[in-house]
Amino acid sequence: MSNHVPGQVVALYNPAVPKRPLLTSWILSALLLTLLLLSCYTSVQVDVSRAVSFTPTLLSTATQTLVPPTLTATQTPTLTPIPSQTSTPEPLGCQKPPEDYTRVEVNGSTINQRTMAMLAHAQELYSGELELTGSAITQGSYTDALSASFGTHSGGGAVDLSVLRQGTYTVLWNDLEPLIHTLRAAGFAAWVRDYGELYPDSPIHIHAIAVGDQELSPAAEEQLTGEAGYFRGYSGLPVDMYGPPAPDRYGGPILCQWMIDLGYRDLR
């Protein structure tokens, strides 16, 4: 028969488990929980500090992205256009003459204004004592007066020049090579015709043909591009009268761009 009194609260109590050990277990559990929380907090602090320590590295990496534009700029010179291989370097003195074919009288000879302009340019390049636009002219164009000229002077652009000091029979030997060079730079095919070269006792002089003159005679054009022509590196003397082509004593032709534009070429 039970001793329980109605309305009385009965505590659940196990006499085999003492009360003090239970309290001790609760305290140890609380301490362990506290230590665990502290450990987690410390770990979070370390992780945050590590994350912050990485920030300078990321900023440094961003700074390095400015380098490529500098390297690209240094490669710009490689984009410079390469000059065309078809362009021709202009020899010193090249100057295209005016296309003026008005005829003028000079020292008893007739030449056109184109030839006169070329002689004036040659005078500037030469700077010697011979007057290439005046007293030095001994035969002009548009004439058949001399049979020994074999028709080269019958059209425009042909002229003969004296190489004697004015009023004397003294040959200006030191002027011959500079004269030939300046006349060629000014646009002439020019050669020295030495004593007796054309016929017995023929006088020494310079014979010149204006390259590109629209009124050249066929014989004069032949002296430019023919078998013994100037652009082939020869003397211009016709082979049917003087035999095989004679080499040009003053080197090859001077070829200016304006001559190339007219269709002339170095034919050597």
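**Helix H4 and the cores of a predicted model**

The buried residues of H4 are Arg114, Thr115, Met116, Met118, Leu119, His121, Ala122, Gln123 and Tyr126; buried here means under 20% relative accessible area, exposed means over 50%, and partly exposed lies in between (1.4 Å probe, protein chains only). The model is a predicted one, in which local features need pLDDT of at least 70 and side-chain atom pairs count only at pLDDT 80 or more, while totals for chains, interfaces and linings use all residues. Residues are numbered from 1 along each chain as its sequence is written, and side-chain values use heavy atoms, with hydrogens and water left out.

The protein chain contains eight helices and six strands, taken as DSSP runs (helices are H or I, at least four residues; strands are E, at least two) and numbered from the N terminus. Along the sequence their order is α-α-α-β-β-α-β-β-α-β-β-α-α-α. Of the 268 residues, 35% count as buried. Among contacts with a separation of 6 or more, 56% are between residues 24 or more positions apart, a contact being heavy atoms within 4.5 Å.

H4 itself can be checked with a little arithmetic. Its 14 residues, 113–126, should span 20 Å at 1.5 Å a residue, and the end C-alpha atoms are indeed 20 Å apart, which agrees; the expected span is 1.5 Å times one less than the number of residues. At the N-terminal end, Asn112 acts as a cap, with a side-chain oxygen 3.2 Å from the backbone nitrogen of Arg114. After the helix comes Ser127, with a positive phi near 55°. Most residues other than glycine have a negative phi. Ser127 belongs to the loop between H4 and strand S3 (137–139) and counts as exposed because its relative accessibility is 60%. Asn107 also has a positive phi, near 55°; this residue sits in the loop between S1 and strand S2 (109–112) and is partly exposed, with a relative accessible area of 49%.

What lies inside? A nonpolar core is a set of buried Ala, Val, Leu, Ile, Met, Phe, Trp, Tyr and Cys residues joined through side-chain atoms within 4.5 Å. The largest has 29 residues, of which Leu119, Leu132, Leu161, Leu183, Phe188 and Ile206 touch the most other members. Two or more residues each come from strand S1 (103–106), H4, strand S4 (158–161), helix H5 (173–185), strand S5 (188–193) and strand S6 (205–210). H4 gives the largest share, five residues. A second, separate core of 19 residues includes Ala189, Ile209, Cys256 and Trp258.

Ala185, in helix H5, is buried, at 1% relative accessibility. Leaving out residues up to four places away in sequence, Ala185 touches Leu92, Gly93, Cys94, Gln95, Leu125, Ile254 and Cys256. Ala185 and Leu125 are 60 residues apart in sequence, yet their C-alpha atoms are 8.7 Å apart.

There are four aromatic pairs; rings of Phe, Tyr and Trp (its six-membered ring) pair if their centres lie within 6.5 Å, and planes under 30 degrees apart count as stacked, over 60 as edge-to-face and the rest as tilted. Phe231 and Tyr264 are stacked, because their ring centres are 5.2 Å apart and their planes meet at 25°. Phe231 lies in the loop between helix H6 (218–225) and helix H7 (239–242), and Tyr264 in the segment after helix H8 (257–261), 33 residues apart. Both Phe231 and Tyr264 are buried, and they form one aromatic cluster with Trp191 and Tyr230.

Terms used: Polar contact = N/O pair within 3.5 Å; in protein donor to acceptor, adjacent residues only side chain to side chain.
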